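Biologist: Could you take me closely through one strand position and its surroundings, and then work outward to the charged pairs, the helix packing and the unusual backbone angles? I would like one connected account that I can follow with the structure open beside me.

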Amino acid sequence: MLHFTHIKKFIYILSLGLSFSFSSHASVKQLNEHGFTLENTVLINAPAKQVWAALVSDIDYWWPKDHTWWGNKGTLTLRPVAGGCFCETAGENSAEHMRISFVEVNHILRMTGGLGPLQGMGIYGALTWQLTAQNNRTKLVLTYQAHGVIESNFTELAPIVDKVQNSQLMALAEYIKPTNPD
C-alpha cells in the first residue's frame, strides 16, 4: 500500500532539484472529504499554437520521467482526440495515464482518470489544460478536479498532488522557454 509519507518524501526530493525561471501560481481551490480542486497557472513567452504543439506532440520530452511508471525506460504518447490516450509503454508493459475527453485545438485539452498513485487508489478526476493567448504569450492554467474515497483524507494528499502538478506545468514551460540567441 502506498503511504502519504512516501509521497511527501518523494515530493521533497523532487523539489530540491527544481529551479525554474517562470513565475507560477499554484493553489488548492477546494478541499473536502470527497476530493479536491487544484489550479496551477503559468505565463509562457510563446504563442498558444507553439504551447499546444509542445503539450500534445512533445509530451515524452518535457513530462518529468520520475512521474512515469517506468522512468527513462518508458515512452509517453498523447493522442489529442476524444477517446485518445495519454499512455506510456516500456517494452511489453503499458499504462493508460488518462483518457482524452475534450479537445479544442490550441485552447483546451481535458483528460480524465487518476494520475500515478491516484490511479491505484481509485481516485478519479478531470485534468484540464486551458490556453489563453495574450499578445504573443500564453497563459496556461492546469486544473485538476479529483474525487474518491481514501483511507485517510484529502487534506494531506491535495497539497502533494498540487506540487507535483505544478512541477509538470513548469516542466512544460521550461521546455518551451525561448532560447537566447547570444
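**Around Gln145 and beyond**

Modeller: Leaving aside residues up to four places away in sequence, Gln145 touches Phe36, Thr37, Tyr124, Gly125 and Ala126, and I should say at once that the model is a predicted one. Gln145 belongs to strand β8, and with a relative accessibility of 45% it is classed as partly exposed. Tyr124, which is among its contacts, is 21 residues from Gln145 along the chain, and the two C-alpha atoms are separated by 8.4 Å.

Ala146 lies in β8 as well, a strand that covers residues 137-147. What is the relative accessible area of Ala146, and is this residue buried or exposed? Its value is 5%, and because the cut-off for buried is under 20%, Ala146 counts as buried. With residues up to four places away in sequence again set aside, Ala146 touches His34, Gly35, Phe36, Ile123, Tyr124 and Gly125. Thr37, one of the contacts of Gln145, is 109 residues away from Ala146 along the chain, yet their C-alpha atoms are separated by 6.4 Å.

Moving to the charged pairs, the structure holds 3 salt bridges. In one of them, the side chains of Lys29 and Glu39 meet with an N to O distance of 3.9 Å. Lys29 sits in strand β1 (residues 24-32) and Glu39 in strand β2 (residues 35-44), so this pair ties together parts that are 10 residues apart in sequence. Glu39 is partly exposed, at a relative accessible area of 23%.

Another salt bridge joins Lys65 to Asp60, with the closest N and O atoms 2.5 Å apart, and Lys65 is itself partly exposed, with a relative accessible area of 22%. In the pairing of Glu96 with Arg99, the closest N and O atoms are 2.2 Å apart. Both partners are partly exposed, Glu96 having a relative accessible area of 35% and Arg99 one of 31%.

As for the helices, two packed helices are described by the angle between their axes and the distance between the axes. Helix α2 (residues 48-57) packs against helix α5 (residues 154-176) at an angle of about 120°, and their axes are 10 Å apart. That angle makes α2 oblique to α5, and the crossing of the two is right-handed. On the α2 side, Gln50, Val51, Ala54 and Leu55 take part in the contact, and they meet Leu172, Tyr175 and Ile176 of α5. Sorted by class, this contact has 6 nonpolar residues, 1 polar residue and no charged residues.

The backbone angles come last. Most residues other than glycine have a negative phi. Asn106, although it is not a glycine, has a positive phi of about 70°; this residue lies in the loop between β5 (93-104) and β6 (108-113) and is partly exposed, with a relative accessible area of 22%. Asn135, likewise a residue other than glycine, has a positive phi near 60°. Asn135 brings us back to the strand where we began, since this residue lies in the loop between β7 (124-134) and β8. At 84% relative accessibility, Asn135 counts as exposed.

Definitions and conventions: Residues numbered from 1 in each chain as written. Predicted model: local features only at pLDDT ≥ 70, side-chain atom pairs only at ≥ 80, totals over all residues. Heavy atoms only, no water. Helix = DSSP H or I, 4+ residues; strand = E, 2+ residues; numbered from the N terminus. Buried < 20%, exposed > 50% of the residue type's maximum accessible area, 1.4 Å probe, protein only. Contact = heavy atoms within 4.5 Å. Salt bridge = Lys/Arg side-chain N within 4 Å of Asp/Glu carboxyl O. Axes fitted to C-alpha atoms, helices over the stretch in contact; angles between N-to-C directions. Parallel < 35°, antiparallel > 145°, perpendicular 65-115°, else oblique. Left-handed = near helix turned anticlockwise from the far one by under 90°. Nonpolar A, V, L, I, M, F, W, Y, C, P; charged D, E, K, R; others polar.
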